[in-house]
Amino acid sequence: MSTFIGSLPERKKVCKVTFTNWNRTVECKPHTNLRQLAIDNDIGLYNGITRFVNCEGNGLCGTCTVEVVPQEGLTVKGARENLRFLLLKGNLRLACQVEVTGDIQVTKHAGFKGNKGYVPGIDRTEVVRLYQDEGKTISEIAERMQCSEARVVTLLEHGRVELRRPGSAA
C-alpha cells in the first residue's frame, strides 16, 4: 500500500522584518530569533537602564517586549510567554522567545518593559473575516485576539454578521 503525500507549502527563504521605531527593514532566514536579529543589526530593543539590566534572552524579565504584526509571522507562544499573560496582551511578544517565520513589523513601546501606551486594538473587519471567510469559531477568535468571547460576539453584531448556531455547518 502506497501513501501519497501532497505537495508541502513552499517555505519562505527570506523573511523581512521592519523595525518601525528605527525605520529599518532587515532580511533574515526563517526561524531566526527576533532578539538576536535586532542585536546583530544594532537595533536596541531595550528602554533606558534595561539595556544593562536584563535576563540576556532567557525570557525571565520581560524587558524585550515588542509589538509584532502580523502574529502569523512568528512561532507560536511557548511556556514562558504563556506565563506572562498579563504582560503580553494583544500583539505583544517577548523578542527573545520568538522566531521569525514570515514578514513582520516590530514596534517598541515606551516604559521599562516596553508596553507602556500599548492598547490592544481589535480590528472588527479582521474578526468578521476570520468568522465568515475562514470559518473560525467565536472561542477560536477570542483566543487568537486575546479577548473575551462576549467581545467577539459584540464585534460580529456591530459588523451585522449573522451568528452561526453551535454545532451547525459553517
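Visitor: Welcome me in with one residue, please: is Phe 112 buried, partly exposed or exposed?

Guide: Gladly! This is a predicted model, and Phe 112 has a relative accessibility of 49%, so this residue counts as partly exposed. The cut-off for exposed is over 50%.

Visitor: Where is the place of Phe 112?

Guide: Look at the loop between strand 7 (104-107) and helix 3; Phe 112 sits there.

Visitor: Which residues form a nonpolar patch on the surface?

Guide: Phe 112 joins Ile 49, Phe 52 and Val 53 in that patch. Together, the four have about 480 Å² of accessible area.

Visitor: Now for helices. Which residues of helix 5 are buried?

Guide: To read a helix, check which residues are covered and where they point. Helix 5 spans residues 149-158, and its buried residues are Val 152, Leu 155 and Leu 156. These three lie on the same side of helix 5, because they cover an arc of only 100° around the axis.

Visitor: What do the buried residues of helix 5 pack against?

Guide: Their partners are helix 3 (124-132) and helix 4 (138-145).

Visitor: And which exposed residues does the face turned away from the buried side carry?

Guide: On that face of helix 5 you will find Ala 150 and His 158, both exposed.

Visitor: I would like to learn about backbone angles too. What sign does phi have in most residues other than glycine?

Guide: In most residues other than glycine, phi is negative. A positive value is therefore a departure from what most such residues show. One case here is Arg 160, just after helix 5, with a positive phi of about 55°.

Visitor: What is phi near in Asn 23, and where is the place of that residue?

Guide: Asn 23 has a positive phi, near 55°. You can find Asn 23 in the loop between strand 1 (15-19) and strand 2 (24-28). Its relative accessibility is 72%, so Asn 23 counts as exposed.

Visitor: How about Asp 42: where does this residue lie, and is it buried or exposed?

Guide: Asp 42 belongs to the loop between helix 1 (34-40) and strand 4. With 71% relative accessibility, Asp 42 counts as exposed. Phi of Asp 42 is also positive, near 55°.

Visitor: One last feature: is the peptide bond from Val 69 to Pro 70 cis or trans?

Guide: Most peptide bonds are trans. The bond from Val 69 to Pro 70 is cis, and its omega is near -10°. To see this spot, follow strand 4 (65-69) into the loop that leads to helix 2 (79-82), where Pro 70 lies.

Notes:
Residues are numbered from 1 along each chain as its sequence is written. This is a predicted model: local features need pLDDT of at least 70, side-chain atom pairs count only at pLDDT 80 or more; totals for chains, interfaces and linings use all residues. Side-chain values use heavy atoms; hydrogens and water are left out. Buried means under 20% relative accessible area, exposed over 50%, partly exposed in between (1.4 Å probe, protein chains only). Helices (H or I, at least four residues) and strands (E, at least two) are DSSP runs, numbered from the N terminus. The arc is that of the directions from the helix axis to the C-beta atoms. Contact means heavy atoms within 4.5 Å. Patches are made of residues with over 30% relative accessible area and no salt bridge: like charges are joined within 9 Å, nonpolar side chains (Val, Leu, Ile, Met, Phe, Trp, Tyr) within 5 Å. Accessible areas come from the Shrake-Rupley method with a 1.4 Å probe; for residues, only the protein chains shown count as cover. A salt bridge is a side-chain nitrogen of Lys or Arg within 4 Å of a carboxyl oxygen of Asp or Glu.
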